Amino acid sequence: MAGWSRGRRRPSHLASEKSYGEAGGRPQPWLDARFVPPPATGDRLRHHDFPAGSETRLDVALRVYDAMTDLLGLDVDELVIVTHGFTAGLVVAAWIGMPIEAAGHIAFPVPSGSITTLREDGYFHNRAVVGVGDVAHLVSE
C-alpha cells in the first residue's frame, strides 16, 4: 500500500497485500488442494487458510490499521491510497473506525483498477464510504 498527498509519496509495507507464505506464487490447483476456508463462526481473525507462513486476517488487519493511523495523521486535504483487494476492505474498516475484533467477516470486494472513495466532512468530521469499487474511469468511449 502506498499513500500520496500533493505529490509526496509515502510507501508503507505495513499495509501490503496478505502474505500467503509457502502458498505464494503456486499454481491454482496446488492452492485449491490446500486452502482451508475460514469457519462460519468462531475466531476467523486467527484462522490460517494456507500452511507454512501464511498470514492470518488479524496479522493483516493489525498492519493495515497501523498504516491507516499513520496516514490519517498527516495534515493533508486529499490522500490517495493504492492497495490490493483484500487489504482495501481493511482500509475501509479502519476508515470507519471498525474495531479490529469485528473485522472477521468484513469484505468490500473491489475489481482490479477500481477506485473507492472515502470522505471526511470538515465540520462534523464524519467519515463516509462514498463509493466502493468504481470502474467508470476504465470504460473506453
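**Exercise 1. Which residues form a nonpolar patch on the surface, and about how much accessible area do they have together?**

Start with the names: Ile-96, Val-129 and Val-132 make up this patch. Together they offer about 200 Å² of accessible area. Keep in mind that you are looking at a predicted model.

Next, pick out Ile-96 and find its place in the chain. Ile-96 sits in the loop that runs between helix H3 (85–95) and strand S4 (115–120). Its relative accessibility is 41%. Since partly exposed covers the range between 20% and 50%, Ile-96 falls into that class.

**Exercise 2. Work out the order of helices and strands, and see where the prediction is confident.**

First, count the elements: the protein has three helices and five strands. Then walk along from the N terminus, and you get β-β-α-α-β-α-β-β.

Now turn to confidence. The average pLDDT of the protein is 88, and 89% of the residues score at least 70. Strand S1 (residues 2–5) has the lowest confidence, with a mean of 50. At the other end of the scale is strand S5 (residues 127–134), at 95. A word of caution: where pLDDT is low, don't read the predicted coordinates in detail.

**Exercise 3. Find out which elements build the largest nonpolar core.**

Begin with burial overall: 32% of the protein's 141 residues count as buried. The largest nonpolar core has 16 residues. Those touching the most other members are Val-64, Tyr-65, Met-68, Leu-90, Met-98, Ala-103 and Ile-106.

Then ask where the core residues come from. Helix H2 (57–72) and H3 are the elements that give two or more residues to this core. H2 gives the most, with six.

**Exercise 4. Track down salt bridges and decide whether their partners are buried.**

A search of the whole structure turns up four salt bridges. Let's go through some of them.

Step one: Lys-18 and Asp-49 join through their side chains, 2.7 Å from N to O. Lys-18 belongs to the loop between strand S2 (8–11) and helix H1 (28–34), while Asp-49 belongs to the loop between H1 and H2, so this pair ties together parts that are 31 residues apart in sequence. Both partners are buried.

Step two: Glu-55 and Arg-63 also form a salt bridge, at 2.8 Å from N to O. Here, too, both Glu-55 and Arg-63 are buried.

Step three: Asp-43 pairs with Arg-46, and their closest N and O atoms are 3.2 Å apart. Asp-43 has 41% relative accessibility, so it counts as partly exposed.

**Exercise 5. Describe the aromatic pair of Tyr-20 and Phe-50, then say what it connects.**

To describe a pair of aromatic rings, you give the distance of the centres and the angle of the planes. The count for this structure is three aromatic pairs. For Tyr-20 and Phe-50, the centres are 5.7 Å apart and the planes are at 80 degrees. An angle over 60 counts as edge-to-face, and that is the label this pair gets.

What does the pair connect? Tyr-20 is in the loop between S2 and H1 and Phe-50 is in the loop between H1 and H2, so the pair ties together parts that are 30 residues apart in sequence.

Check how open each ring residue is. Tyr-20 is partly exposed, with a relative accessible area of 31%. Phe-50 counts as buried, at 10%.

Last step: add Phe-35, and you have one aromatic cluster made of Tyr-20, Phe-35 and Phe-50.

Note on methods:
Residues numbered from 1 in each chain as written. Heavy atoms only, no water. Patch = residues over 30% accessible without salt bridge, like charges linked within 9 Å, V, L, I, M, F, W, Y side chains within 5 Å. Areas by Shrake-Rupley, 256 points an atom, 1.4 Å probe, with all protein chains shown as cover. Helix = DSSP H or I, 4+ residues; strand = E, 2+ residues; numbered from the N terminus. Buried < 20%, exposed > 50% of the residue type's maximum accessible area, 1.4 Å probe, protein only. Core = buried A, V, L, I, M, F, W, Y, C linked by side-chain atoms within 4.5 Å. pLDDT = per-residue confidence, 0-100. Phe/Tyr/Trp six-rings, centres within 6.5 Å; stacked < 30°, edge-to-face > 60°.
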